[in-house]
Amino acid sequence: LSAMPGGLGAKAEKVLEINTGHDVYKALKSAFESDREKLALYTGLLYDQAMLIEGLNVSDPVAFSNSICRLMA
């Protein structure tokens with residue numbers, strides 16, 4: 001977008017969409033209803049995973065690694 005004439009440095013917004021029939025959605029919904037700490041863990045991991053898939057860096061690699069370890073425990 002920023003390369004277009006008159007783009008004025010516009011940037012595209014990144015959006016993560018999750019299908020409501022997907023197991024990830026079901027896990028998020030369950031965590032929302034019963035365990036907000038787990039919900040925070042899941043959403044943080046999903047965000048960092050999406051960043052890595054896009055070839056971007058995660059803001060805190062140590063926290064990302066610790067979150068994975070918490071999930072595995």
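**Figure 1. Burial of Leu41 in the predicted model.** Leu41 has a relative accessible area of 10% and counts as buried, because that value falls under the 20% cut-off. The residue belongs to helix 2. When residues up to four places away in sequence are not counted, Leu41 touches Ser67, Arg70 and Leu71. The C-alpha atoms of Leu41 and Ser67 are 6.6 Å apart, although 26 residues separate the two along the chain.

**Figure 2. Surroundings of Ser67 in helix 3.** Ser67 lies in the helix that spans residues 61-72. With a relative accessible area of 18%, Ser67 is buried, since the limit for that class is under 20%. Apart from neighbours within four places in sequence, Ser67 is in contact with Leu41 and Leu45. The contact with Leu41 also appears in the view centred on that residue, where the C-alpha separation is 6.6 Å.

**Figure 3. Packing of helix 1 against helix 2.** Helix 1 covers residues 23-34 and helix 2 covers residues 36-53; their axes come within 7 Å and cross at roughly 145°. The crossing is left-handed. On the helix 1 side, Val24, Ala27, Leu28, Ala31, Phe32 and Ser34 take part, and they meet Arg36, Lys38, Leu39, Tyr42, Thr43 and Leu46 of helix 2. Sorted by class, this contact is made of eight nonpolar, two polar and two charged residues.

**Figure 4. Arg36 and the ring of Phe32.** The charged end of Arg36 sits over the ring of Phe32, at 3.9 Å from the ring centre. Both residues are also among those that form the contact between helix 1 and helix 2, with Phe32 in helix 1 and Arg36 in helix 2. As for ring-to-ring arrangements, the structure holds zero aromatic pairs.

**Figure 5. Ala40 in helix 2.** Ala40 has a relative accessible area of 46% and is partly exposed, because the value lies between the 20% and 50% limits. The C-alpha atoms of Ala40 and Leu28 are separated by 9.4 Å, with the two positions 12 residues apart in chain numbering. Leu28 is one of the helix 1 residues that meet helix 2.

**Figure 6. Leu56 in the loop between helix 2 and helix 3.** Leu56 counts as partly exposed, at 34% relative accessibility. Leaving out neighbours within four places in sequence, Leu56 is in contact with Lys14 and Met51.

**Figure 7. Overview of the fold for the close-ups above.** The protein has three helices and zero strands, and its pattern along the sequence is α-α-α. Of its 73 residues, 16% count as buried; Leu41, at 10% relative accessible area, is one buried residue, and Ser67, at 18%, is another. Among contacts between residues at least 6 apart in sequence, 23% join residues at least 24 apart.

Note on methods:
Residues are numbered from 1 along each chain as its sequence is written. This is a predicted model: local features need pLDDT of at least 70, side-chain atom pairs count only at pLDDT 80 or more; totals for chains, interfaces and linings use all residues. Side-chain values use heavy atoms; hydrogens and water are left out. Rings of Phe, Tyr and Trp (its six-membered ring) pair if their centres lie within 6.5 Å; planes under 30 degrees apart count as stacked, over 60 as edge-to-face and the rest as tilted. A charge sits over a ring if NZ of Lys or CZ of Arg is within 6 Å of the ring centre and within 35 degrees of the ring normal. Helices (H or I, at least four residues) and strands (E, at least two) are DSSP runs, numbered from the N terminus. Buried means under 20% relative accessible area, exposed over 50%, partly exposed in between (1.4 Å probe, protein chains only). Contact means heavy atoms within 4.5 Å. Axes are lines fitted to C-alpha atoms, for helices over the stretch in contact, and angles run from 0 to 180 degrees between N-to-C directions. A crossing is left-handed if the near helix is turned anticlockwise from the far one by less than a right angle, and right-handed if clockwise. Ala, Val, Leu, Ile, Met, Phe, Trp, Tyr, Cys and Pro count as nonpolar, Asp, Glu, Lys and Arg as charged, and the others, Gly among them, as polar.
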